[in-house]
Amino acid sequence: MENTDASSPERKLQCSDVGKCFQLLERILDGELVEGGNELLQEKLDQCQPCFAHFHLEQAIREVLKTKCTKQPLPEKLAESIRQMIQDAR
Amino acid sequence: MSEVQRRKYSQEERSVVFDGEFMPHIDSMYNFAFRLTFDEDDAKDLVQDTYMKAFRFINSFEQGTNAKAWLFRILKNSFINDYRKKSKKPATVDYQEVETFYNSDDVDYQSTSDLRAESVKDMLGDEISNALNGLAVDFRTVIILADLEGFTYEEMAKILDIPIGTVRSRLHRARNLLKETLKGYAQSMGYGRDEEED
Ligand SMILES: [Zn+2]
């Protein structure tokens with residue numbers, strides 16, 4: 001992966017509308033904005049440093065949550081006991 | 001409601017739906033239950049109760065629709081009705097209070113320039129997990145549903161019985177709170193300042 005904190009001379013250092021931009025980025029990350037989303041995203045990432053940093057931070061947070069918080073081991077006999085309960089309930 | 005929904009499943013069909021569409025979600029269900037209750041036995045009971053209810057009300061489940069969302073909704077309701085009161089953790093702030101406190105539509109987007117993607121990626125599982133567990137239950141719940149389980153806003157609205165706008169704003173606030181905690185961790189790890197730049 002590319003260095004997500006890399007600053008680029010083409011990117012402006014001030015975001016013109018943090019509220020609108022960040023909301024847009026977050027909705028794209030949540031998979032809620034598809035139409036024209038990719039073009040808009042690319043434009044923000046290419047041209048705006050705060051948007052670039054925010055996008056990668058939000059993406060990193062989603063990734064670590066997904067990879068590191070979903071591994072609660074299932075108690076050994078739970079599935080079995082549920083099947084048993086269903087059997088008995090029939 | 002549709003014909004399909006009202007039709008009763010035969011004994012055999014019930015087994016097919018239960019084993020084929022409900023049981024595959026048991027890992028996600030347990031993870032959700034554990035992160036709500038913080039207790040292995042309570043989580044087990046909660047998952048068991050949920051599956052019992054799912055079986056009992058199986059005729060109201062339409063085959064081919066989102067079984068996972070349907071099950072999560074039952075689990076969340078069971079948690080609120082049966083477990084929240086006797087939770088072993090001290091009571092956290094209720095979302096009703098939280099949302100009256102904030103103006104629901106007034107979502108504040110701001111730059112957290114002092115927290116970087118790199119420092120988040122370098123964090124250990126425990127730190128992320130602790131940060132998540134430290135959130136009030138309603139904030140924790142939306143993060144679990146969105147980020148751990150990948151539900152859409154629309155599915156979350158149905159699971160939680162709240163409007164989509166509330167899902168969005170609650171999720172946004174939950175992530176901001178999470179970032180605050182992570183920022184604290186990052187600072188203690190020495191990631192606080194911009195060493196390389198300027
Ligand atoms: Zn911007």
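**Contacts between the chains and between the domains of chain B**

Across the interface of chain B and chain A, three salt bridges are found in this model, which is a predicted one. One pairing of this kind joins Arg83(A) to Asp19(B), with 3.7 Å between the closest N and O atoms, a distance that falls inside the cut-off of 4 Å used for a salt bridge. Polar contacts were also counted across the interface of chain B and chain A, and 11 residue pairs, both members at pLDDT 80 or more, meet the rule.

On the side of chain B that touches chain A, the elements that give two or more residues are helix H2 (11–22), helix H3 (26–37), helix H4 (40–56), helix H7 (117–121), helix H8 (125–133), helix H9 (137–148) and helix H11 (164–188) of chain B. Of these, H11(B) provides the largest share, which amounts to seven residues. When the residues of this side of chain B are sorted by class, 23 are nonpolar, 11 are polar and 12 are charged.

In terms of residues, the contact involves 46 from chain B and 40 from chain A. The size of an interface is often expressed as the accessible area that is lost when the parts come together. For chain B and chain A, the area buried between them is about 4,000 Å², and carbon and sulfur atoms account for 64% of it.

A second interface lies within chain B, which is divided into domain 1 (11–83) and domain 2 (95–188). The contact between these domains takes 14 residues from domain 1 of chain B and 16 residues from domain 2 of chain B. Between them, the two domains of chain B bury about 1,300 Å², with 57% of this area on carbon and sulfur atoms.

Charged and polar pairs are found at the domain interface as well, where the count between domain 1 and domain 2 of chain B is three salt bridges. The side chains of Arg73(B) and Asp161(B) form a salt bridge, with an N to O distance of 2.9 Å. Polar contacts between domain 1 and domain 2 of chain B link 10 residue pairs, both residues being at pLDDT 80 or more. On the side of domain 1 of chain B that touches domain 2 of chain B, at least two residues each are supplied by H3 and helix H5 (67–83) of chain B, and H5(B) gives the most, with seven residues. By class, this side of domain 1 of chain B consists of six nonpolar, four polar and four charged residues.

Notes: Residues are numbered from 1 along each chain as its sequence is written. Chains are lettered from A and ligands numbered from 1 in the order in which they are written. This is a predicted model: local features need pLDDT of at least 70, side-chain atom pairs count only at pLDDT 80 or more; totals for chains, interfaces and linings use all residues. Side-chain values use heavy atoms; hydrogens and water are left out. Contact means heavy atoms within 4.5 Å. Buried area is the accessible area (1.4 Å probe) that two parts lose on being put together, summed over both. A polar contact is a pair of N or O atoms within 3.5 Å; within protein, one must be able to donate a hydrogen and the other to accept it, and residues adjacent in sequence count only if both atoms are side-chain atoms. Helices (H or I, at least four residues) and strands (E, at least two) are DSSP runs, numbered from the N terminus. Ala, Val, Leu, Ile, Met, Phe, Trp, Tyr, Cys and Pro count as nonpolar, Asp, Glu, Lys and Arg as charged, and the others, Gly among them, as polar. Domain bounds come from an automatic or database domain assignment.
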